[in-house]
Amino acid sequence: MPAWLQLMLDSLQPLLWAGLVFTIPLTLLSFVLGLALGLVVAVTRLFGPRPLVAIARFYVWVIRGTPLLVQLFVIFYGLPSLGILLDAFPAALIGFTLNIGAYTSEIIRAVIASVPRGQWEAAYSIGMSWSQAMRRTILPQAARVAVPPLSNTFISLVKDTSLAAAITVPELFQTAQRIVATTYEPLILYIEAALIYLAMSSVLSALQVRLEKRFARYGGFLEART
């Protein structure tokens, strides 16, 4: 067996373990929390009072206008100067959550605004309150339109978690870096890490297609394209 192939086989288990223990949980937690934050920010920007709207806009402006890596450095390396000490994983979780919250808020805001006003009027006409109309009428329709961009955001997040290696989170990419430090084979190990990320993204892309088709059965975006 070639030495490079043996090296890849030997390093596969620790790389997959790092992905299972750190990369996947970090991705899932960040996306769920970021999606919840994005919903709050989007609803605030659409329906909130002016002071809160201004705060929400400022948050989105700052997060979207600065690199994710810089945000992680500010949280992990910068906050200790203010007496706020965070372990690597919580710091990464906060950073990714804030980042995803800003981007998903724009997606959610756009899809909610795209729902015809007549849907609001129809909900009010049968006695629904604002919260009932939002929960039962507006959000289900908006969710169908939001599936493709939110899915793309999730897939991008899987790859972006590699940035957590810069703040010492022992996820997949940093594990590859540690193996490189002992084997001195950067090309082989980084290609192997890239292949693992590619495999995860491919699986998620296939799931995204299935999810889009499922939503399309109920009058979603695929019919609108035809």
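## Close-up views of salt bridges and a nonpolar patch

**View 1. Glu106 and Arg64 form a salt bridge in this predicted model.** The closest N and O atoms of Glu106 and Arg64 are 3.4 Å apart. This pair links distant parts of the chain, since Glu106 belongs to helix H4 whereas Arg64 belongs to helix H2, which covers residues 50–65, and the two residues are 42 apart in sequence. Arg64 has a relative accessible area of 43%, so this residue is described as partly exposed.

**View 2. Glu106 also forms a salt bridge with Arg45.** In this pair the closest N and O atoms lie 2.5 Å apart. Because Glu106 sits in helix H4 (residues 88–114) and Arg45 sits in helix H1 (residues 3–47), the salt bridge ties together parts of the chain that are 61 residues apart in sequence. Are the two partners buried or exposed? Glu106 has a relative accessibility of 17%, and because buried means under 20%, Glu106 counts as buried. Arg45, with a relative accessibility of 18%, counts as buried too.

**View 3. Within helix H4, Arg109 forms a salt bridge with Glu106.** The closest N and O atoms of Arg109 and Glu106 are 3.0 Å apart. Why are these two residues separated by about one helical turn? They are three residues apart in helix H4, and this spacing is why about one turn of the helix separates them. Arg109 counts as partly exposed, with a relative accessibility of 27%, whereas Glu106 counts as buried.

**View 4. Arg45, Arg64, Glu106 and Arg109 are linked in a network of salt bridges.** Glu106 takes part in each of the pairs described above, with Arg64, with Arg45 and with Arg109. A search of the whole structure finds four salt bridges, among them these pairs with Glu106.

**View 5. Trp17, Leu20, Val21, Ile24 and Leu28 make a nonpolar surface patch.** The patch made by these residues has an area of about 470 Å². One of its members, Leu28, is found in helix H1, the helix of residues 3–47 that also holds Arg45. With a relative accessibility of 45%, Leu28 counts as partly exposed, because that class lies between the 20% limit for buried residues and the 50% limit for exposed ones.

Definitions and conventions
Residues numbered from 1 in each chain as written. Predicted model: local features only at pLDDT ≥ 70, side-chain atom pairs only at ≥ 80, totals over all residues. Heavy atoms only, no water. Salt bridge = Lys/Arg side-chain N within 4 Å of Asp/Glu carboxyl O. Helix = DSSP H or I, 4+ residues; strand = E, 2+ residues; numbered from the N terminus. Buried < 20%, exposed > 50% of the residue type's maximum accessible area, 1.4 Å probe, protein only. Patch = residues over 30% accessible without salt bridge, like charges linked within 9 Å, V, L, I, M, F, W, Y side chains within 5 Å. Areas by Shrake-Rupley, 256 points an atom, 1.4 Å probe, with all protein chains shown as cover.
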